[in-house]
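Thanks for coming. I have one model to go through today, and I'll put it on the screen now.

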Amino acid sequence: MTPALRRRMFLVAAAVAGLLLLWGLTGLPDYGVYNGPYGDVLNEVAVAERKATNVVGAVTFDYRGVDTMGEEYILFAAVLGVAILLRAQRDETENPPDEDAADRNAPQTSNAVRVIGLALVGPVVLFGLYLVLHGHLTPGGGFQGGVVLATAALLVYLSGEYVTLRRVSPELVTDLAESVGAASYVAVGLLGVAAGTAFLDNVLPLGQPGELLSAGIIPPINAAIGLEVAGGFVLLLSEFLEQTLVIRRPGEVT
Amino acid sequence: MRFFPYIVAAWLMLVGLYGIATSRNLVHAITCLSVAQSSTYILLLSVGFERGGTAPIFLDVPVGTKAVDPVVGALTLTDVVVGATVSALLLALAVQAYKHHGSLDPEHFRRHQD
(Lines give C-alpha, C1' and ligand atoms only; values in the text may rest on other atoms or scores of the structure.)
Protein backbone atom coordinates (compact mmCIF):
# COMPACT_ATOMS: atom_id res chain seq x y z
CA MET A 1 0.00 0.00 0.00
CA THR A 2 1.41 3.34 -0.99
CA PRO A 3 1.52 6.13 1.62
CA ALA A 4 -0.91 8.21 -0.46
CA LEU A 5 -3.48 5.41 -0.63
CA ARG A 6 -3.09 4.74 3.08
CA ARG A 7 -3.63 8.43 3.83
CA ARG A 8 -6.82 8.47 1.73
CA MET A 9 -8.13 5.31 3.38
CA PHE A 10 -7.38 6.77 6.79
CA LEU A 11 -9.19 10.02 6.00
CA VAL A 12 -12.32 8.12 4.93
CA ALA A 13 -12.21 5.97 8.07
CA ALA A 14 -11.48 9.02 10.25
CA ALA A 15 -14.44 10.92 8.81
CA VAL A 16 -16.75 8.00 9.66
CA ALA A 17 -15.20 7.58 13.12
CA GLY A 18 -15.37 11.34 13.72
CA LEU A 19 -19.07 11.47 12.89
CA LEU A 20 -19.77 8.50 15.17
CA LEU A 21 -17.75 10.15 17.94
CA LEU A 22 -19.64 13.43 17.57
CA TRP A 23 -22.93 11.57 17.58
CA GLY A 24 -21.94 9.79 20.79
CA LEU A 25 -20.45 12.85 22.46
CA THR A 26 -23.62 14.90 22.01
CA GLY A 27 -25.37 12.26 24.13
CA LEU A 28 -23.09 13.03 27.08
CA PRO A 29 -24.30 15.36 29.83
CA ASP A 30 -23.54 19.04 29.13
CA TYR A 31 -20.04 20.10 30.10
CA GLY A 32 -20.03 21.44 33.65
CA VAL A 33 -23.22 19.64 34.65
CA TYR A 34 -22.40 16.59 36.71
CA ASN A 35 -25.08 13.94 37.05
CA GLY A 36 -23.30 11.68 39.51
CA PRO A 37 -24.00 9.87 41.63
CA TYR A 38 -20.69 8.17 42.47
CA GLY A 39 -18.50 11.27 42.70
CA ASP A 40 -20.97 13.11 44.92
CA VAL A 41 -21.43 10.09 47.18
CA LEU A 42 -17.66 9.61 47.56
CA ASN A 43 -17.05 13.31 48.23
CA GLU A 44 -19.72 13.07 50.92
CA VAL A 45 -18.57 9.90 52.72
CA ALA A 46 -14.85 9.33 51.96
CA VAL A 47 -13.43 11.67 54.60
CA ALA A 48 -15.63 10.19 57.32
CA GLU A 49 -15.15 6.58 56.19
CA ARG A 50 -11.42 6.55 55.45
CA LYS A 51 -10.14 9.69 57.26
CA ALA A 52 -8.31 10.66 54.05
CA THR A 53 -8.78 14.26 52.96
CA ASN A 54 -7.55 13.59 49.40
CA VAL A 55 -10.57 11.76 48.00
CA VAL A 56 -8.79 10.98 44.71
CA GLY A 57 -6.14 9.20 46.80
CA ALA A 58 -8.83 7.37 48.77
CA VAL A 59 -10.45 6.19 45.52
CA THR A 60 -7.15 5.14 43.93
CA PHE A 61 -5.60 3.33 46.87
CA ASP A 62 -8.60 2.13 48.86
CA TYR A 63 -11.95 1.98 47.07
CA ARG A 64 -10.25 1.00 43.79
CA GLY A 65 -7.20 -0.56 45.47
CA VAL A 66 -7.32 -3.79 43.47
CA ASP A 67 -7.40 -1.90 40.14
CA THR A 68 -4.42 0.17 41.21
CA MET A 69 -2.56 -3.03 42.05
CA GLY A 70 -3.14 -4.13 38.45
CA GLU A 71 -1.89 -0.75 37.25
CA GLU A 72 1.19 -1.11 39.45
CA TYR A 73 1.96 -4.44 37.83
CA ILE A 74 1.47 -2.94 34.35
CA LEU A 75 4.23 -0.52 35.33
CA PHE A 76 6.33 -3.35 36.73
CA ALA A 77 5.90 -5.46 33.58
CA ALA A 78 6.68 -2.51 31.27
CA VAL A 79 9.91 -1.68 33.13
CA LEU A 80 10.83 -5.37 33.04
CA GLY A 81 10.08 -5.40 29.30
CA VAL A 82 12.31 -2.39 28.66
CA ALA A 83 15.13 -3.94 30.67
CA ILE A 84 14.85 -7.22 28.71
CA LEU A 85 14.59 -5.48 25.32
CA LEU A 86 17.52 -3.18 25.92
CA ARG A 87 20.00 -5.57 27.47
CA ALA A 88 22.60 -6.86 25.08
CA GLN A 89 20.94 -9.31 22.70
CA ARG A 90 22.61 -12.58 21.80
CA ASP A 91 23.60 -11.36 18.34
CA GLU A 92 24.77 -7.96 19.48
CA THR A 93 28.35 -6.95 19.91
CA GLU A 94 29.49 -3.71 21.37
CA ASN A 95 31.25 -1.65 18.78
CA PRO A 96 33.61 1.08 19.76
CA PRO A 97 31.99 4.39 18.97
CA ASP A 98 32.48 5.88 15.53
CA GLU A 99 34.41 9.01 16.27
CA ASP A 100 33.62 11.31 13.39
CA ALA A 101 35.92 14.03 14.62
CA ALA A 102 38.62 12.52 16.76
CA ASP A 103 40.22 15.84 17.58
CA ARG A 104 36.91 17.41 18.56
CA ASN A 105 36.86 18.91 22.01
CA ALA A 106 33.55 17.94 23.56
CA PRO A 107 32.44 20.84 25.73
CA GLN A 108 32.42 20.17 29.44
CA THR A 109 29.15 20.53 31.32
CA SER A 110 29.04 24.17 32.33
CA ASN A 111 29.58 25.00 35.96
CA ALA A 112 26.21 26.74 36.13
CA VAL A 113 24.40 23.51 35.16
CA ARG A 114 26.47 21.48 37.64
CA VAL A 115 25.91 23.85 40.56
CA ILE A 116 22.19 24.35 39.96
CA GLY A 117 21.67 20.63 39.26
CA LEU A 118 23.42 19.56 42.44
CA ALA A 119 21.72 22.28 44.48
CA LEU A 120 18.33 21.04 43.29
CA VAL A 121 18.93 17.37 44.20
CA GLY A 122 18.22 17.88 47.91
CA PRO A 123 15.01 19.93 47.51
CA VAL A 124 13.74 17.55 44.79
CA VAL A 125 14.28 14.48 47.00
CA LEU A 126 12.52 16.28 49.86
CA PHE A 127 9.62 17.30 47.60
CA GLY A 128 9.31 13.74 46.26
CA LEU A 129 9.18 12.31 49.79
CA TYR A 130 6.64 14.99 50.77
CA LEU A 131 4.40 14.05 47.83
CA VAL A 132 4.61 10.32 48.67
CA LEU A 133 3.99 10.75 52.40
CA HIS A 134 1.16 13.28 52.09
CA GLY A 135 -0.70 11.42 49.35
CA HIS A 136 -3.72 10.85 51.59
CA LEU A 137 -3.91 14.53 52.64
CA THR A 138 -3.04 16.75 49.68
CA PRO A 139 -2.64 16.26 45.91
CA GLY A 140 0.13 13.79 45.23
CA GLY A 141 0.82 10.20 46.15
CA GLY A 142 3.15 7.36 45.30
CA PHE A 143 3.05 7.71 41.51
CA GLN A 144 3.68 11.45 41.40
CA GLY A 145 6.21 11.42 44.25
CA GLY A 146 8.04 8.43 42.76
CA VAL A 147 8.52 10.23 39.45
CA VAL A 148 9.80 13.34 41.27
CA LEU A 149 12.25 11.15 43.22
CA ALA A 150 13.50 9.64 39.96
CA THR A 151 14.01 13.18 38.64
CA ALA A 152 16.62 13.65 41.39
CA ALA A 153 18.66 10.87 39.78
CA LEU A 154 18.34 12.62 36.41
CA LEU A 155 19.67 15.82 38.02
CA VAL A 156 22.67 13.88 39.33
CA TYR A 157 23.31 12.67 35.79
CA LEU A 158 22.95 16.17 34.33
CA SER A 159 25.32 17.73 36.81
CA GLY A 160 27.83 14.91 36.87
CA GLU A 161 28.48 11.90 34.74
CA TYR A 162 26.88 8.57 34.10
CA VAL A 163 29.36 6.92 36.46
CA THR A 164 28.16 9.27 39.23
CA LEU A 165 24.55 8.33 38.49
CA ARG A 166 25.43 4.65 38.80
CA ARG A 167 27.26 5.34 42.06
CA VAL A 168 24.26 7.04 43.69
CA SER A 169 21.77 4.50 42.27
CA PRO A 170 23.50 1.12 41.81
CA GLU A 171 21.54 -1.39 39.76
CA LEU A 172 21.03 -3.63 42.77
CA VAL A 173 19.37 -0.79 44.69
CA THR A 174 17.03 0.26 41.86
CA ASP A 175 16.09 -3.36 41.11
CA LEU A 176 15.43 -3.98 44.81
CA ALA A 177 13.42 -0.76 45.19
CA GLU A 178 11.25 -1.70 42.25
CA SER A 179 10.56 -5.28 43.31
CA VAL A 180 10.23 -4.58 47.05
CA GLY A 181 7.80 -1.77 46.21
CA ALA A 182 5.71 -4.03 43.99
CA ALA A 183 5.67 -6.82 46.59
CA SER A 184 4.86 -4.47 49.48
CA TYR A 185 1.56 -3.50 47.85
CA VAL A 186 0.45 -7.14 47.95
CA ALA A 187 1.81 -7.47 51.51
CA VAL A 188 -0.35 -4.51 52.62
CA GLY A 189 -3.31 -6.14 50.88
CA LEU A 190 -2.72 -9.38 52.76
CA LEU A 191 -3.07 -7.52 56.08
CA GLY A 192 -6.80 -7.53 55.41
CA VAL A 193 -6.78 -11.27 54.79
CA ALA A 194 -4.77 -11.82 57.99
CA ALA A 195 -7.31 -9.73 59.92
CA GLY A 196 -10.07 -12.01 58.62
CA THR A 197 -11.81 -9.50 56.32
CA ALA A 198 -10.88 -9.06 52.65
CA PHE A 199 -7.81 -8.49 50.50
CA LEU A 200 -6.86 -4.77 50.53
CA ASP A 201 -9.51 -4.00 53.15
CA ASN A 202 -8.51 -0.94 55.15
CA VAL A 203 -7.79 -2.68 58.46
CA LEU A 204 -5.11 -0.39 59.93
CA PRO A 205 -6.08 2.27 62.51
CA LEU A 206 -7.62 5.23 60.65
CA GLY A 207 -6.69 8.12 62.97
CA GLN A 208 -8.03 11.63 62.47
CA PRO A 209 -8.50 13.29 59.05
CA GLY A 210 -5.72 15.73 58.18
CA GLU A 211 -3.06 14.05 60.31
CA LEU A 212 0.07 12.56 58.77
CA LEU A 213 -0.58 9.21 60.45
CA SER A 214 -4.13 8.59 59.30
CA ALA A 215 -6.17 6.89 56.59
CA GLY A 216 -5.04 3.34 57.47
CA ILE A 217 -3.50 1.43 54.58
CA ILE A 218 -3.36 4.40 52.17
CA PRO A 219 0.01 5.85 53.32
CA PRO A 220 1.78 2.43 53.35
CA ILE A 221 0.46 1.74 49.84
CA ASN A 222 1.64 5.18 48.70
CA ALA A 223 5.08 4.45 50.15
CA ALA A 224 5.20 1.07 48.35
CA ILE A 225 4.23 2.65 45.04
CA GLY A 226 6.65 5.57 45.54
CA LEU A 227 9.47 3.08 46.05
CA GLU A 228 8.49 1.07 42.99
CA VAL A 229 7.98 4.05 40.68
CA ALA A 230 11.22 5.73 41.77
CA GLY A 231 13.19 2.49 41.29
CA GLY A 232 11.45 1.69 38.02
CA PHE A 233 11.97 5.12 36.47
CA VAL A 234 15.65 5.27 37.48
CA LEU A 235 16.01 1.82 35.90
CA LEU A 236 14.33 3.05 32.68
CA LEU A 237 16.55 6.13 32.68
CA SER A 238 19.73 4.06 33.08
CA GLU A 239 18.69 1.54 30.42
CA PHE A 240 18.04 4.26 27.84
CA LEU A 241 21.21 6.19 28.76
CA GLU A 242 23.26 3.02 28.41
CA GLN A 243 22.07 2.74 24.80
CA THR A 244 23.53 6.09 23.87
CA LEU A 245 26.57 6.49 26.03
CA VAL A 246 30.04 5.20 25.86
CA ILE A 247 30.79 4.67 29.50
CA ARG A 248 34.36 5.27 30.47
CA ARG A 249 35.49 5.21 34.03
CA PRO A 250 38.02 7.89 34.94
CA GLY A 251 41.44 6.99 33.64
CA GLU A 252 40.07 4.33 31.29
CA VAL A 253 41.21 4.67 27.67
CA THR A 254 39.52 2.97 24.73
CA MET B 1 -19.78 25.66 24.56
CA ARG B 2 -21.77 22.77 25.99
CA PHE B 3 -19.71 20.18 24.13
CA PHE B 4 -16.48 22.03 23.42
CA PRO B 5 -14.14 19.92 25.65
CA TYR B 6 -15.61 16.73 24.16
CA ILE B 7 -14.91 18.02 20.66
CA VAL B 8 -11.31 18.81 21.71
CA ALA B 9 -11.02 15.21 22.93
CA ALA B 10 -12.39 13.79 19.66
CA TRP B 11 -10.07 16.05 17.64
CA LEU B 12 -6.98 15.01 19.65
CA MET B 13 -7.85 11.34 19.20
CA LEU B 14 -8.30 11.67 15.42
CA VAL B 15 -5.28 13.90 14.86
CA GLY B 16 -3.12 11.48 16.88
CA LEU B 17 -4.37 8.52 14.83
CA TYR B 18 -3.70 10.47 11.62
CA GLY B 19 -0.13 10.97 12.79
CA ILE B 20 0.30 7.25 13.48
CA ALA B 21 -1.22 6.21 10.14
CA THR B 22 1.01 8.52 8.10
CA SER B 23 4.15 8.39 10.25
CA ARG B 24 7.55 7.92 8.65
CA ASN B 25 9.40 7.67 11.94
CA LEU B 26 8.71 5.33 14.87
CA VAL B 27 9.57 7.94 17.53
CA HIS B 28 7.11 10.31 15.84
CA ALA B 29 4.48 7.54 15.81
CA ILE B 30 4.97 6.94 19.54
CA THR B 31 4.55 10.67 20.22
CA CYS B 32 1.36 10.62 18.12
CA LEU B 33 0.07 7.74 20.25
CA SER B 34 0.65 9.93 23.33
CA VAL B 35 -1.35 12.72 21.65
CA ALA B 36 -4.21 10.32 20.86
CA GLN B 37 -4.13 9.02 24.42
CA SER B 38 -4.19 12.48 25.95
CA SER B 39 -7.69 12.84 24.48
CA THR B 40 -8.85 10.30 27.05
CA TYR B 41 -7.60 12.52 29.90
CA ILE B 42 -9.66 15.43 28.58
CA LEU B 43 -12.74 13.27 28.04
CA LEU B 44 -12.56 11.71 31.53
CA LEU B 45 -11.96 14.99 33.35
CA SER B 46 -14.66 16.80 31.32
CA VAL B 47 -17.26 14.16 32.18
CA GLY B 48 -16.52 14.56 35.90
CA PHE B 49 -16.34 18.37 35.90
CA GLU B 50 -18.98 20.30 37.73
CA ARG B 51 -19.24 24.06 37.21
CA GLY B 52 -18.08 25.86 40.34
CA GLY B 53 -16.70 22.65 41.83
CA THR B 54 -13.37 22.64 43.66
CA ALA B 55 -10.77 19.83 43.75
CA PRO B 56 -12.05 16.84 45.76
CA ILE B 57 -9.58 17.50 48.57
CA PHE B 58 -11.13 18.41 51.88
CA LEU B 59 -8.14 19.52 53.91
CA ASP B 60 -8.83 23.27 53.74
CA VAL B 61 -12.49 23.19 52.73
CA PRO B 62 -15.23 21.42 54.74
CA VAL B 63 -16.87 18.21 53.53
CA GLY B 64 -19.97 19.16 51.58
CA THR B 65 -18.26 21.84 49.49
CA LYS B 66 -19.16 21.36 45.84
CA ALA B 67 -16.29 19.38 44.27
CA VAL B 68 -15.59 17.61 40.98
CA ASP B 69 -15.83 13.82 40.59
CA PRO B 70 -12.84 12.09 42.28
CA VAL B 71 -13.47 8.81 40.41
CA VAL B 72 -12.52 10.21 36.99
CA GLY B 73 -9.53 11.90 38.63
CA ALA B 74 -8.34 8.51 39.86
CA LEU B 75 -9.01 6.96 36.42
CA THR B 76 -6.99 9.71 34.75
CA LEU B 77 -4.12 9.01 37.14
CA THR B 78 -4.16 5.36 36.03
CA ASP B 79 -4.34 6.50 32.42
CA VAL B 80 -1.29 8.78 32.74
CA VAL B 81 0.81 6.08 34.41
CA VAL B 82 -0.11 3.43 31.85
CA GLY B 83 0.54 5.92 29.03
CA ALA B 84 4.04 6.68 30.34
CA THR B 85 4.97 3.01 30.68
CA VAL B 86 3.58 2.10 27.24
CA SER B 87 5.65 4.93 25.72
CA ALA B 88 8.78 3.64 27.49
CA LEU B 89 8.20 0.10 26.21
CA LEU B 90 7.52 1.27 22.65
CA LEU B 91 10.62 3.49 22.67
CA ALA B 92 12.69 0.48 23.72
CA LEU B 93 11.21 -1.45 20.76
CA ALA B 94 12.09 1.48 18.49
CA VAL B 95 15.70 1.35 19.72
CA GLN B 96 15.87 -2.36 18.83
CA ALA B 97 14.18 -1.79 15.45
CA TYR B 98 16.79 0.84 14.64
CA LYS B 99 19.57 -1.55 15.61
CA HIS B 100 18.25 -4.27 13.32
CA HIS B 101 17.20 -2.18 10.32
CA GLY B 102 19.35 0.93 10.62
CA SER B 103 16.25 3.06 10.20
CA LEU B 104 13.18 4.25 12.09
CA ASP B 105 11.01 4.47 8.97
CA PRO B 106 8.29 1.77 8.88
CA GLU B 107 8.35 1.87 5.05
CA HIS B 108 12.01 0.94 5.20
CA PHE B 109 11.26 -2.22 7.22
CA ARG B 110 8.98 -3.55 4.47
CA ARG B 111 11.61 -2.99 1.79
CA HIS B 112 14.11 -4.68 4.09
CA GLN B 113 12.05 -7.88 4.21
CA ASP B 114 11.65 -8.26 0.43
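How many residues of chain B are in contact with chain A, and how many of chain A are on the other side? In this predicted model, 40 residues of chain B are in contact with 44 residues of chain A. On the chain B side, helix H1 (4–21), helix H2 (26–48) and helix H3 (70–101) each supply at least two of the residues that touch chain A. H3(B) gives the largest share of that side, 16 residues. By type, the chain B side divides into 29 nonpolar, seven polar and four charged residues.

Next, confidence. For the complex, the predictor gives an ipTM of 0.84 and a pTM of 0.82. Chain B has an average pLDDT of 87, and 95% of its residues score at least 70. Chain A averages 83, with 88% of its residues at 70 or above, that is, scoring at least 70. By element, the lowest mean pLDDT in chain B is 69, for helix H4 (residues 106–113) of chain B, and the highest is 92, for H2(B). In chain A the lowest mean is 73, for helix H7 (residues 162–168), and the highest is 90, for helix H5 (residues 111–133).

Now chain A by itself. Chain A has nine helices and zero strands. Of its 254 residues, 36% are buried. If we take the contacts in chain A between residues at least 6 apart in sequence, 72% of them join residues at least 24 apart.

The helix I want to spend time on is H4 of chain A, residues 65–86. What span should its 22 residues have, at 1.5 Å a residue? The expected value is 32 Å, and the end C-alpha atoms are 32 Å apart, so the two agree. The buried residues of H4(A) are Gly65(A), Thr68(A), Met69(A), Glu71(A), Glu72(A), Leu75(A), Phe76(A), Ala78(A), Val79(A), Val82(A) and Leu86(A). As a reminder when you read that list, an α-helix has 3.6 residues a turn, so residues three or four places apart point the same way. What covers these buried residues includes helix H3 (55–63), helix H8 (171–194) and helix H9 (218–244) of chain A, together with H3 of chain B.

Asp67(A) also lies in H4 of chain A. Is Asp67(A) buried or partly exposed? Asp67(A) is partly exposed, because 14 other C-beta atoms lie within 10 Å, and a residue needs 20 or more to count as buried. Asp67(A) and Ala224(A) are 157 residues apart in sequence, with 15 Å between them in space, C-alpha to C-alpha.

On to the core. The largest nonpolar core has 68 residues, and the ones with the most contacts inside it are Val55(A), Val59(A), Val82(A), Ile221(A) and Ala230(A). H9(A) gives the most to this core, 12 residues. One of those well-connected residues, Val82(A), is also among the buried residues of H4(A).

Val59(A) takes us back to the other chain. Which residues is Val59(A) in contact with, leaving aside its neighbours within four places in sequence? They are Leu42(A) and Arg64(A) in chain A, and Pro70(B), Val71(B) and Ala74(B) in chain B.

From the chain B side, Ala74(B) lies in helix H3 of chain B. Ala74(B) counts as buried because it has 26 C-beta neighbours inside 10 Å. With its neighbours within four places in sequence left aside, Ala74(B) is in contact with Val56(A), Val59(A), Thr60(A) and Arg64(A). Within its own chain, Ala74(B) is 42 residues from Cys32(B), and their C-alpha atoms are separated by 24 Å.

Cys32(B) is one of the buried residues of H2(B). The others in that helix are Leu26(B), Ser39(B), Leu43(B), Leu44(B), Ser46(B), Val47(B) and Gly48(B). For the 23 residues of H2(B), 1.5 Å a residue should give a span of 33 Å; the end C-alpha atoms are 34 Å apart, which agrees.

Last, the overall form of chain B. There are four helices and zero strands in chain B. Its radius of gyration is 19 Å, well over the 13 Å that the globule rule gives for 114 residues, so chain B is more spread out than a compact globule. Along the principal axes, the C-alpha atoms of chain B fill a box of roughly 65 × 30 × 15 Å. Of the 114 residues in chain B, 29% count as buried. Among contacts in chain B between residues at least 6 apart in sequence, 51% join residues at least 24 apart.

That's what I have.

Key:
Residues numbered from 1 in each chain as written. Chains lettered and ligands numbered in written order. Predicted model: local features only at pLDDT ≥ 70, side-chain atom pairs only at ≥ 80, totals over all residues. Contact = placed C-beta atoms within 7 Å. Nonpolar A, V, L, I, M, F, W, Y, C, P; charged D, E, K, R; others polar. pLDDT = per-residue confidence, 0-100. Expected span 1.5 Å × (residues − 1). Buried ≥ 20, exposed ≤ 12 C-beta atoms within 10 Å, placed from the backbone. Core = buried A, V, L, I, M, F, W, Y, C linked by C-beta atoms within 7 Å. Rg over C-alpha atoms; globule rule 2.2 N^0.38 Å.
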